[in-house]
Structures are given as C-alpha cells and as structure tokens.
Amino acid sequence: MGVSDCNLFGNFKMEPQGRAIIKNKNTGKTINAHWTYYKCKCRDFFACSGAPQLGEPIFDYLTNHYLNAAAMSGIVTVHVDPSNNSDTSKSTIPGHRFMW
Ligand SMILES: [Zn+2]
C-alpha cells in the first residue's frame, strides 16, 4: 500500500489518542478490541495492535487510507476489510514517527 507524506511535517508525527476496536466490516465480528489509534496534526490517522511509541513492535496496523472513520476521541470502533491489514515486527514504518 502506498504511504503519502504528511503535509505539515513531511513525516507523520503520530500521537496516541486512545483505544480502537477493530471490526470486520463484512461480518461485524471484532478482530481485536485493543488496538491503539494515533493522529497527526494534519488529521492523518494510524492504528495498530503494538506500541511503537514505546519502541515496541507495531504488529498489525492500518494507515489512514483505511481509517477514514468519523471524528475520533476516546475509544473508537473502526470497521475494516481484514485484507487491508498489514503487519510488521518492526517499531517503525516509512514516513511515520511515533510520539510519546
Ligand atoms: Zn501529518
């Protein structure tokens, strides 16, 4: 999947916002209820099951392209097509910086 640049910082500065419940949009079933979602000041979103802001692996993740959910605050529910999920054992992905 393509990763676009942040129009404010070049690299997205992703700050943790809260918990994301990830549901399969086809079946309605919960894939994982304990993801964290992140937001950049340019309003780009990111969500993952890991904790890259702590230097921990990202594991399963979704970038903004698949997270065009409504306004996000606190705990959010995101409906996804599971085939769009990516995963990595690294704590970084290109173009994204994870803030604490
Ligand atoms: Zn940004």
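The following dialogue between a student and a tutor goes through a predicted model of one chain.

Student: What makes a feature of this predicted model fit to be discussed?

Tutor: Because the model is predicted, local features need pLDDT of at least 70 and side-chain atom pairs count only at pLDDT 80 or more, while totals for chains, interfaces and linings use all residues. Residues are numbered from 1 along each chain as its sequence is written. Here pLDDT is the predictor's confidence in each residue, from 0 to 100, and the chain has a mean pLDDT of 88, with 88% of its residues reaching 70 or more. Among the elements, strand β5 (residues 76-80) has the lowest mean, 88, and strand β7 (residues 96-98) the highest, 95. Where pLDDT is low, the predicted coordinates should not be read in detail.

Student: How many helices and strands does the chain have, and what pattern do they follow?

Tutor: Helices (H or I, at least four residues) and strands (E, at least two) are DSSP runs, numbered from the N terminus. By that rule the chain has zero helices and seven strands, and the pattern along the sequence is β-β-β-β-β-β-β.

Student: What makes β1 and β2 a pair of strands?

Tutor: Two strands pair if DSSP finds at least two bridges between them. Strand β1 (residues 12-24) and strand β2 (residues 30-39) are joined by seven bridges in the antiparallel sense, so they pair under that definition. One of the facing positions is Gly18, which stands opposite Tyr37 in β2. The hairpin of β1 and β2 has five residues between the strands, and in it Gly28 takes a positive phi near 80°.

Student: Which strands run parallel to β1?

Tutor: β7 pairs with β1 in the parallel sense over three bridges, with Phe98 as the bridge partner of Met14. β5 also runs parallel to β1, joined by five bridges, and there the bridge partner of Lys23 is His79.

Student: What are the pairings of β3 and β4?

Tutor: β3 pairs with β2 in the antiparallel sense over four bridges, and with strand β4 (residues 59-63), again antiparallel, over three. Ala47 belongs to both pairings, since it is the residue that Tyr37 stands opposite in β3, and Ala47 in turn stands opposite Leu62 in β4. Phe46 has Thr63 as its bridge partner in β4. β4 is also joined to β6 by three bridges, and these two strands run antiparallel; the bridge partner of Asp60 in β6 is Asp87.

Student: Why is Ser83 called exposed?

Tutor: A residue is buried if 20 or more other C-beta atoms lie within 10 Å of its own, exposed if 12 or fewer, and partly exposed in between, with C-beta atoms placed from the backbone. Ser83 has 6 other C-beta atoms within 10 Å, and therefore counts as exposed. Ser83 lies in the loop between β5 and β6, and its C-alpha is 9.7 Å from that of Asn24, although the two are 59 residues apart in sequence.

Student: Why is Phe59 called partly exposed?

Tutor: Phe59, in strand β4, has 18 other C-beta atoms within 10 Å, a value between the two cut-offs, so the residue is partly exposed. Its phi is near 60°, a positive value in a residue other than glycine. Most residues other than glycine have a negative phi.

Student: How do you know that Arg43 is exposed?

Tutor: Arg43 has 11 other C-beta atoms within 10 Å, which falls under the rule of 12 or fewer, so Arg43 is exposed. Arg43 sits in the loop between β2 and β3, and has a positive phi of about 85° although it is not a glycine.

Student: Where are buried residues found in β3, and which residues touch the most others in the largest nonpolar core?

Tutor: Of the 100 residues of the chain, 26% count as buried. Both faces of strand β3 (residues 45-48) are covered, with Phe45 and Ala47 buried on one side and Phe46 and Cys48 on the other. A nonpolar core is a set of buried Ala, Val, Leu, Ile, Met, Phe, Trp, Tyr and Cys residues joined through C-beta atoms within 7 Å. The largest has 18 residues, of which Ala20, Tyr37, Tyr38, Phe46 and Ala47 touch the most other members. β1, β2, β3, β4 and β5 each supply at least two residues of this core.
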